[in-house]
Amino acid sequence: MAFKKSSGKLSQSAVLKHIMKQCSSLSRKQHQHYEDVPKGHFVVYVGENRSRYVIPIWFLSRPEFQSLLRKAEEEFGFDHDMGLTIPCEEHVFESLTSMLR
């Protein structure tokens, strides 16, 4: 699914809505892989090895995490079946998420 860009940038709410829709869609398609994901959380893949992390949805509203989402959109786009991939080294991602908790 592609977004129409009005001024070259997606609105923050449009990106968040798309991510939520895709996370919901992916969990329905591959339910057996997401049984361990508690309500209010979603899965992201991080680093070269695509390590799987289950994180709370409220992270999406944090500016620090939104920066990673913009990088993910630029590098990978949001239209793929492999889940949301964050282009970041694992130790950096773990450090960021530990600060947000």
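User: Let's start with Leu 100. At 7% relative accessibility, does it count as buried or exposed, and why?

Analyst: The general idea is a cut-off: buried means under 20% relative accessible area. Leu 100 has 7% relative accessibility, so it counts as buried. Keep in mind that this is a predicted model. Leu 100 sits in helix 3.

User: Which residues is Leu 100 in contact with, once neighbours within four places in sequence are left aside?

Analyst: Those would be Trp 58, Phe 59, Arg 62 and Glu 64. Take Trp 58: it is 42 residues apart from Leu 100 along the chain, and their C-alpha atoms are separated by 9.9 Å.

User: Okay, on to helix packing. At what angle do the axes of helix 2 and helix 3 cross?

Analyst: For reading such an angle, over 145 degrees counts as roughly antiparallel. Here the axes of helix 2 (residues 63-76) and helix 3 (residues 90-100) cross at roughly 150° and come within 10 Å. The two helices are therefore roughly antiparallel to each other.

User: Which residues make that contact?

Analyst: Helix 2 brings Glu 64, Phe 65 and Leu 68, while helix 3 brings Phe 93, Leu 96 and Leu 100. By class, that's 5 nonpolar, no polar and 1 charged.

User: Now the sheet. What is the strand order?

Analyst: With a sheet, you go for the order and then the edges. This one is an open sheet of 3 strands, order 2-1-3, with mixed pairing. Strand 2 (51-56) and strand 3 are at the edges with a single partner strand each, so each has one side without a neighbour in the sheet. On average, neighbouring strands are turned by 40° against each other, direction ignored.

User: In what sense do strand 1 and strand 2 pair?

Analyst: Antiparallel: strand 1 (residues 41-46) and strand 2 share 6 bridges. For one bridge, look at Phe 42, whose partner in strand 2 is Ile 55.

User: How do the helices run relative to the strands they lie across?

Analyst: Helix 2 lies across strand 1, strand 2 and strand 3, at about 105° to strand 3. Helix 3 also lies across strand 1, strand 2 and strand 3, and runs at about 15° to strand 2.

User: Last one: Thr 85. Is it buried or exposed, and which side chain does its own side chain make a polar contact with?

Analyst: Same reading as before: Thr 85 has 6% relative accessibility, so it counts as buried. You'll find Thr 85 in strand 3 (residues 84-86). Its side chain makes a polar contact with the side chain of Arg 50, at 2.3 Å.

How values were computed. Residues numbered from 1 in each chain as written. Predicted model: local features only at pLDDT ≥ 70, side-chain atom pairs only at ≥ 80, totals over all residues. Heavy atoms only, no water. Helix = DSSP H or I, 4+ residues; strand = E, 2+ residues; numbered from the N terminus. Buried < 20%, exposed > 50% of the residue type's maximum accessible area, 1.4 Å probe, protein only. Polar contact = N/O pair within 3.5 Å; in protein donor to acceptor, adjacent residues only side chain to side chain. Axes fitted to C-alpha atoms, helices over the stretch in contact; angles between N-to-C directions. Parallel < 35°, antiparallel > 145°, perpendicular 65-115°, else oblique. Contact = heavy atoms within 4.5 Å. Nonpolar A, V, L, I, M, F, W, Y, C, P; charged D, E, K, R; others polar. Pairing = 2+ DSSP bridges.
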